[in-house]
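Hi,

Here is the structure I promised to pass on. Have a look at it first, and my notes follow below.

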Amino acid sequence: MMSAINSVLGALAPVLINQPDIARYSKSYRATTWSQGVGILLSKVLVMFLSTATTAAATGVLGKSFWNVWDLYDSILDHYWGPGARAGMVFASLGMMLAIVITNAGSNSLPVGADITGLFPKYLTIVRGQIICAFLAPLLVPWKIIANAASFLTFLGSYTVFLMPICACMIIDYWLIRKGNFHVPSLYVTTPSSPYTYYKGHNLRMVVAWLSGVAFTVHGVAGLLAPDSVSIVSKDMYKMGFILSSLMGGLVYYILCLIWPCQILPGDMDKEGKPTFEMLAANEGFFAYEDVTTITSIRIEGEAADEDGSEGSVTREGYVVETKDVKAMV
C-alpha cells in the first residue's frame, strides 16, 4: 500500500513543484484554486481508478494484464478485428496522443523552459528553454523508462525522493518563514539589498535541505534495482519516501532558517518588525506607495519620489534597474 501511494505521489510531485509556471497565467487567485483542485482530483484519482478497472476487466476478457495502454490496444485488435474495434482504437489512440501532447507541454516543456530561464536569464527565454528541453529529452533514453512496469514504477517512485524535499521547503518558506509575503519589485533586481539575492544569488539553506531530504531516502532506490544490495529497512524507508524526504527536507530548512534567518523584506523595510501573515497580499505584493511602475522603470535616475508619489527625496532604499533603453531608479 505504501509503495503504491509513493508511486501516486511520484506522479503528483512534478505538478506540485511546477504548478506556479502554469498558474502565473491566471487572471485571479480564485482561477488557480478551483481549477487545480478539480483538475488534479479528476486527473489522478478518477483516471487511476479507471486504469485499474480497465486492467481488471481486460484481464478477464483477454486473459492477460497489460500495464502499457498501447499493448492493451494491440491485444484488443488481435482478439476483435472488426470495424467497431478498429474505430474504437482510432478514437482511443487520438485521445492518448492529445493527452501526451498536453501533458508534455504543460508539465514538462513549459516548466523546464521556465526553470532554465531562471538559471540563465541573460541568455535564454522560456521558448528557448523549451527548445533545449526538446533536444535533451531523447538523451534521457525515455524508452528504457517505459520498457516494463517495474522500471516505470521505479522511475515514478524516485520522483518523490528528489522533488518532495523541494516542495516541503517551498511550503515551510511560504507559510512559516515569510508568512505569505513576497515583495514583487524585489524579484526583478539582483542588488544585495534584495531579499531574494541570498548569498551571491544562491539560497544555500535550500540546497542543504534538499540534499538532506534526498540522502535520507535515495539509498532505497538500489533495493528496487538490486534487491540484495540494501537492507529491508532501506527498502521500507524508500516506500515511504514521499513522507520521509518531505519531513527531512522541510525540517532541515526550518532549522537552518532559525540559525541563519532569511531576509523577508527589502532593505531597511525588513527592520521595521515582523510582517503579519500575507501583509502584502492586499496590494498584490507591493507596498502601499508602490505600483507597477516600480518594476517597469518609469522614473529616470536623478528623479526621485516620496512614498506618496510626489517628487522629492527618496525616503526608502531604492534599486537601480537597467534595461536596454533606460536606466531607472525605483
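At the start of helix α3, a side-chain oxygen of N68 comes to within 3.0 Å of the backbone nitrogen of W70. Do bear in mind while you look at this that the model is predicted.

Staying with α3, which spans residues 69-79, the buried residues are L72, Y73 and S75. They sit on the same side of α3, because the arc they cover around the axis is only 165°. What do the buried residues of α3 pack against? Their partners are α2 (29-62) and α4 (83-119).

That brings me to α4, where you will find T117. Is T117 buried or exposed? Its relative accessibility is 16%, and buried means under 20%, so T117 counts as buried. The side chain of T117 also reaches the backbone nitrogen of I126, at 3.2 Å. Leaving aside residues up to four places away in sequence, T117 touches I126 along with L124 and T125.

The last spot I looked at is S234, which belongs to helix α10 (residues 232-239). With a relative accessible area of 7%, S234 falls under the 20% cut-off and is therefore buried too. Which residues does S234 touch, not counting those up to four places away in sequence? They are H219 and G220.

If you open just one view, I'd go for α3, with L72, Y73 and S75 buried and N68 reaching W70 at the helix start.

Cheers

Terms used. Residues are numbered from 1 along each chain as its sequence is written. This is a predicted model: local features need pLDDT of at least 70, side-chain atom pairs count only at pLDDT 80 or more; totals for chains, interfaces and linings use all residues. Side-chain values use heavy atoms; hydrogens and water are left out. Helices (H or I, at least four residues) and strands (E, at least two) are DSSP runs, numbered from the N terminus. Buried means under 20% relative accessible area, exposed over 50%, partly exposed in between (1.4 Å probe, protein chains only). Contact means heavy atoms within 4.5 Å. The arc is that of the directions from the helix axis to the C-beta atoms. A polar contact is a pair of N or O atoms within 3.5 Å; within protein, one must be able to donate a hydrogen and the other to accept it, and residues adjacent in sequence count only if both atoms are side-chain atoms.
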